[in-house]
Amino acid sequence: MAFEAALGMERLCTIREIAQKAELGAATVHRALKNSREVRAETRRLVFETVCLLNEEKIACAARFVGD
């Protein structure tokens, strides 16, 4: 997970984290996020679902930390 020192908190997911979780290459994830025509609709959908999943996990983790 990436740490944003200026904010003192973790950032949401990175392209590398998305690629690893979705089992895709970082370039493919980048193209999908940029809405490139080179990326199939199924792959784009997988990338966006993975982004949502990873961000939800990080937000839930942060909420547990703040709640303590």
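Glutamate 23 is found in the loop between helix H1 and helix H2 (26–33), a good place to start a tour of this predicted model. From there we can look at the backbone of the loops, then the salt bridges, and finish with a nonpolar patch on the surface. By the distance rule used here, the salt bridges come to three.

**Loops and positive phi angles**

- Just after H1, the backbone of glutamate 23 takes a positive phi of about 55°, although this residue is not a glycine.
- Glutamate 23 has a relative accessible area of 72%, so it counts as exposed.
- Asparagine 35 sits in the loop between H2 and H3.
- Asparagine 35 is not a glycine either, yet its phi is positive, at about 60°.
- With 53% relative accessibility, asparagine 35 is classed as exposed.

**Helix H1 and its link to H3**

- Helix H1 covers residues 15–22, and its buried residues include Glu17, Ile18, Ala19 and Ala22.
- In helices generally, an α-helix has 3.6 residues a turn, so residues three or four places apart point the same way.
- Glutamate 17 forms a salt bridge with lysine 58, and the closest N and O atoms are 3.1 Å apart.
- This pair joins distant parts of the chain: lysine 58 belongs to helix H3 and glutamate 17 to helix H1, 41 residues apart.
- Lysine 58 is buried because its relative accessible area is 13%, under the 20% cut-off.
- Glutamate 17, at a relative accessible area of 17%, is buried too.

**The other salt bridges**

- Arginine 31 and glutamate 38 bring their side chains together in a salt bridge, at 3.6 Å from N to O.
- In that pair, glutamate 38 is exposed, with a relative accessible area of 64%, while arginine 31 is partly exposed at 30%.
- Arginine 40 pairs with glutamate 42 in a salt bridge whose closest N and O atoms are 3.5 Å apart.
- Here arginine 40 is exposed, with a relative accessible area of 56%, and glutamate 42 is partly exposed at 49% relative accessibility.

**A nonpolar patch on the surface**

- Ile15, Leu33 and Phe48 form a nonpolar surface patch, together offering about 230 Å² of accessible area.
- Phenylalanine 48 comes from helix H3, which spans residues 41–67.
- Phenylalanine 48 counts as partly exposed because its relative accessibility is 38%, and patch members need over 30%.

Notes: Residues are numbered from 1 along each chain as its sequence is written. This is a predicted model: local features need pLDDT of at least 70, side-chain atom pairs count only at pLDDT 80 or more; totals for chains, interfaces and linings use all residues. Side-chain values use heavy atoms; hydrogens and water are left out. Patches are made of residues with over 30% relative accessible area and no salt bridge: like charges are joined within 9 Å, nonpolar side chains (Val, Leu, Ile, Met, Phe, Trp, Tyr) within 5 Å. Accessible areas come from the Shrake-Rupley method with a 1.4 Å probe; for residues, only the protein chains shown count as cover. A salt bridge is a side-chain nitrogen of Lys or Arg within 4 Å of a carboxyl oxygen of Asp or Glu. Helices (H or I, at least four residues) and strands (E, at least two) are DSSP runs, numbered from the N terminus. Buried means under 20% relative accessible area, exposed over 50%, partly exposed in between (1.4 Å probe, protein chains only).
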